Amino acid sequence: MAAVGRVAGGAVTAGAGRSARRTGLLLALPALVIFALLFVAPLFTLVANSFRTQTGAFTLGNYARFLGDPFYRDVLWNTLKVAGLTTLGCLLVGYPFALYLRGRSPRVRNWLALLLLSPLLISMVIRAYGWLVVLGPNGPVASVIKWFGLTPPQLLYNDTAVLIGMVHVMLAYMVLPLMGSLDRIDPTLVPAAKGLGAPGWTCFWRITLPLSAPGMLAGAMIVFSLTASSFVTPAILGGPKVKLMPYFVYTQATTTLDWPYAAAIGFVLVVVTTGLLLGYSRLLRRGKGEVVFQ
């Protein structure tokens, strides 16, 4: 009888598990359909078009043209460099800010979080043109430099202007994951370490920084991927002098009307960015799949 009961109980459990999975699938079905229509289908179309000529014939020439041209390889490298430096800049600015927010009262946190998120309420075009005024030859930055009797450098239409604008745009995407990661750290760990004689910097390097690695990983992946595919801010602050992949996708699609080659450039950027993000994620993991420091 006990064996029969165990078999019956197992059957009920298995049936309940299948029912729960079926219910979960039905609940997720609308999101999966939207994801397929808005992401998978356009990506499939992009890939299909990249292997065609303008007359519709199959070809590998678009990729051979891109990979065989040193100019476009330099554009790809510059795009990845700008995305990497933007990620580093957001981390250097955002980590101290997130660390400061961690110890503040809920009221102060709310106001500072609102200040952090407020730029996201403004159009990206308006923010870029705001930096165009600030960094312009007659802007406040140049005026301060002139006040000291120095000649202001060229602040617009170069990588520096793009980096400043992109760090401003992407900072919130770095700080929010860091805040979540820092908030999950046990607040008693640092006082306990100090009670055992560890100095403040040792507590930070051995406890706070390692345990916030998941937030840094998430923020870095978001900022890097969004920066690598960004068009508006680099186009306004960098102009045609700053060679980035999204700009050439736009020019190939709208100026020369070479849609297959534009699709190839876009897909190369997707593959390279995804590969780098996966490699970065693996670097922060151990052999057993655990995130480093966790």
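**View 1. The span from residue 76 to residue 280 in the predicted model.**
The C-alpha atoms at the two ends of residues 76–280 are 18 Å apart. Helix makes up 76% of this span and strand 0%. UniProt, in an unreviewed entry, gives residues 76–280 the feature "domain: ABC transmembrane type-1".

**View 2. Segments that UniProt lists as "transmembrane region".**
The unreviewed UniProt entry gives this feature to residues 25–48, 82–101, 113–135, 155–176, 216–239 and 259–280. Two of these segments are described here. Residues 155–176 are 82% helix and 0% strand, with 29 Å between the end C-alpha atoms. Residues 259–280 are 100% helix and 0% strand, and their end C-alpha atoms lie 31 Å apart.

**View 3. Tyr157 in the loop between helix 6 and helix 7.**
Helix 6 covers residues 140–147 and helix 7 covers residues 159–183; Tyr157 sits in the loop that joins them. Tyr157 is not a glycine, yet its phi is positive, at about 60 degrees. Tyr157 counts as partly exposed because its relative accessibility is 37%, and the partly exposed class runs between 20% and 50%.

**View 4. Leu257 in the loop between helix 12 and helix 13.**
Leu257 also has a positive phi of about 60 degrees and is not a glycine. The relative accessible area of Leu257 is 52%, so this residue is classed as exposed, for which the cut-off is over 50%. The helices on either side of the loop are helix 12 (245–254) and helix 13 (259–283).

**View 5. The largest pocket and its lining.**
The largest pocket holds about 400 Å³ of space. Its lining consists of 15 residues. Those nearest the centre of the pocket are Ser225, Ser229, Gly266, Leu269 and Val270. Helix 1 (2–50), helix 10 (213–228), helix 12 (245–254) and helix 13 (259–283) each give two or more residues to the lining. Helix 13 supplies the largest share, seven residues. Sorted by class, the lining has 10 nonpolar residues, five polar residues and no charged ones.

**View 6. The largest pocket in relation to the two domains.**
Domain 1 spans residues 1–50, and domain 2 spans residues 61–286. The largest pocket lies between domain 1 and domain 2, because both domains give residues to its lining.

Key:
Residues are numbered from 1 along each chain as its sequence is written. This is a predicted model: local features need pLDDT of at least 70, side-chain atom pairs count only at pLDDT 80 or more; totals for chains, interfaces and linings use all residues. Side-chain values use heavy atoms; hydrogens and water are left out. On a 1 Å grid over the protein atoms alone, a cavity is a set of points where a 1.4 Å probe fits but cannot get out, and a pocket is an open set with protein on both sides within 12 Å along at least five of seven lines; lining residues have an atom within 4 Å of a point. Grid points are joined across faces, edges and corners, and a volume is the space filled by probe spheres set on the points. Helices (H or I, at least four residues) and strands (E, at least two) are DSSP runs, numbered from the N terminus. Ala, Val, Leu, Ile, Met, Phe, Trp, Tyr, Cys and Pro count as nonpolar, Asp, Glu, Lys and Arg as charged, and the others, Gly among them, as polar. Domain bounds come from an automatic or database domain assignment. UniProt positions are given in the numbering used here, feature names are shortened, and annotations may be inferred rather than shown by experiment. Buried means under 20% relative accessible area, exposed over 50%, partly exposed in between (1.4 Å probe, protein chains only).
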